[in-house]
Structure formats: structure tokens, C-alpha cells
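Please look over the model shown here before reading on. My notes cover how its helices and strands are arranged.

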Amino acid sequence: MTVDPHAFVSAEDHYARFRPRYPDDLFALLADRFGLDSTQHVLDLGCGPGTVALELAGMVNTVFAVDPAAGMLKQGHGLAVERGIRNIRWQQGDSNALLSLGLPPLDLVVMAKSYHWMDRVKVLDDLDGITTEQAGLVILSAGPPGTTPLPGWAPVVADVRAAYLGTTRRAGSGTYPEPTETYQSTVERSPFSTIEVVRFDQVAVRSTEQLIGLQLSNSYSTPAQLGERKESFEEDLRRALLAYDPSGRYEESIRTEALIATR
């Protein structure tokens, strides 16, 4: 029997390969806003494969890249080695145990599409105790639901995913923790109550295979959740996407909202 080498590719692999980069303008803004001059200690909390940490490393003294998933940290460390980046400290840890991680006083904390997984009030209280007085928090997200129009291919993907995994949005062995209030409302009640919101828009164009890979990076449609049905999921999704647009070219407008908070 011939074994498909892609059958054992993890969600972490797909995340590193198919998630889009954040715009260069975002990092230029952070460098200017917080005077990044290679002396700062920065925390990338919920770092995944280092999407933010790898970009910030050249601007600061040390990036502490923390994530609960060992696979994500392995991906990030590998990318850092490939790029010759040596000032990222990859550390497995949970946002609920921030105070036990032995971090130095932090000048900047970034949570890139990870804040929704956390105890959002507790993590802000804990960060108040381990950041410098001038420190900033940056929460990156797509913005409140409904602020960015869905691409035309989104219902096609949703229908195939629902056929395999149901309509409830999964996350690992549980379900996605839908926020009960906006991030801004939560942060306004914290010590970091001075808030600025900056939005960045990009256009991504993906091939059929890239779009399938993107779905396998999502917490609600991982290879682990699909199990033995992963290959048939890919086949059905490929067929449905090409029926929607035979060109195999799928465009999406991507919005990144940066919520920048200081004391």
C-alpha cells in the first residue's frame, strides 16, 4: 500500500505553511509606537509557530515565545534556525500560569489571534504585574464578527466542513469559546485602559491546495479531528471549490485589527 506523506502532516505544519503573514506596516507601527531599539523584552503569548515572534526578533533584545502546544513551538524553533534567529526563547506554558514562567519585566506583550483562548480578565491582571510601567499590550484579531465580509468561497468550505464535523465550531476536543463581549470592552476595565485601534487590510490570493491547507490549520478542522476521513475531506473540498470556481484561484480580503493598550 502506498502511504500519502501528507496524511500525517499536523495542524501545526499547516499553520506554519498556510497562515498569512501579518503586514509589514503593523511591525513598523509597533517599532515606532514602542521605540523598539534592540533593548526590549517582548512576550508573544500564544505564539503558535512564531508568526509574530520571528518578525519582532530583529527589533528587540529577546522575544519570549510562549505556547501550550509543543508542536507549535517545534515549528517556530525550526523556522528560527532556518533564518539564523537566536534571540527567541521558546517556552511551553499556559496563559493561566504566566506568573510561574520566570519572565523578566516585559516592555511589550503581543497576543496574535490567541486572546480568545485565554481567561481574558485574569491574563490582563497577571500582565499588570510583570510588565514595565510604559509597556504596551497588542491584541491582534480580525476585529469584531461581521466587520469583514466573508469571501464568496466561504460557504462552500463551511458546507463541506459541516458534512464531516457538524455545524458546532470545534476546538481540539472541545468547542470554540465564543467571547461574550468585545475585546475592547474587556481591556477598558483593566489597568491597560488607554486604547488605540489600528486596522490593516490585505488581499490574499490562494490556489485550491493552499486554501485546503489553510482549512487544515484551523482549530475546528484539524487533521486530528478528521482522522481517517482527512483524505476524503480534502477530495470533497477540492471538488466543491473547483465547482465553485474552476480557475483554482481564490481571493480573500483579510483585515487585521491591532488593539494597542497602555496604562
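The points below take the sheet, then the helices.

1. A word on origin: this is a predicted model.

2. Start with the sheet. Seven strands make it up, and it is open. Reading across, the order is E3-E2-E1-E4-E5-E9-E8. The pairing is mixed. Two strands sit at the edges, E3 (88–92) and E8 (194–207), and each pairs on one side only. Neighbouring strands are turned against each other by 20 degrees on average, direction ignored.

3. Now follow the E8 edge. E8 runs antiparallel to strand E9 (residues 249–262), and 14 bridges join the two. For a landmark, find Phe 200: Thr 256 in E9 stands opposite.

4. Move to the E3 edge. Helix H4 (residues 70–83) lies across E3 and strand E2 (62–67). The angle between H4 and E3 is about 165 degrees.

5. Next, a helix pair. How do H6 and H10 run, roughly parallel or roughly antiparallel to each other? Helix H6 (residues 154–165) packs with helix H10 (residues 230–244) at an angle of about 155 degrees. Angles over 145 degrees count as roughly antiparallel, so H6 and H10 are roughly antiparallel to each other. Their axes are 9 Å apart. The crossing is right-handed.

6. Look at what touches in that pair. H6 brings Val 156, Val 157, Val 160, Arg 161 and Tyr 164. They meet Ser 232, Phe 233, Asp 236, Leu 237, Ala 240, Leu 241 and Tyr 244 in H10. By class, this contact holds nine nonpolar residues, one polar and two charged.

Terms used: Residues numbered from 1 in each chain as written. Predicted model: local features only at pLDDT ≥ 70, side-chain atom pairs only at ≥ 80, totals over all residues. Heavy atoms only, no water. Axes fitted to C-alpha atoms, helices over the stretch in contact; angles between N-to-C directions. Helix = DSSP H or I, 4+ residues; strand = E, 2+ residues; numbered from the N terminus. Parallel < 35°, antiparallel > 145°, perpendicular 65-115°, else oblique. Left-handed = near helix turned anticlockwise from the far one by under 90°. Contact = heavy atoms within 4.5 Å. Nonpolar A, V, L, I, M, F, W, Y, C, P; charged D, E, K, R; others polar. Pairing = 2+ DSSP bridges.
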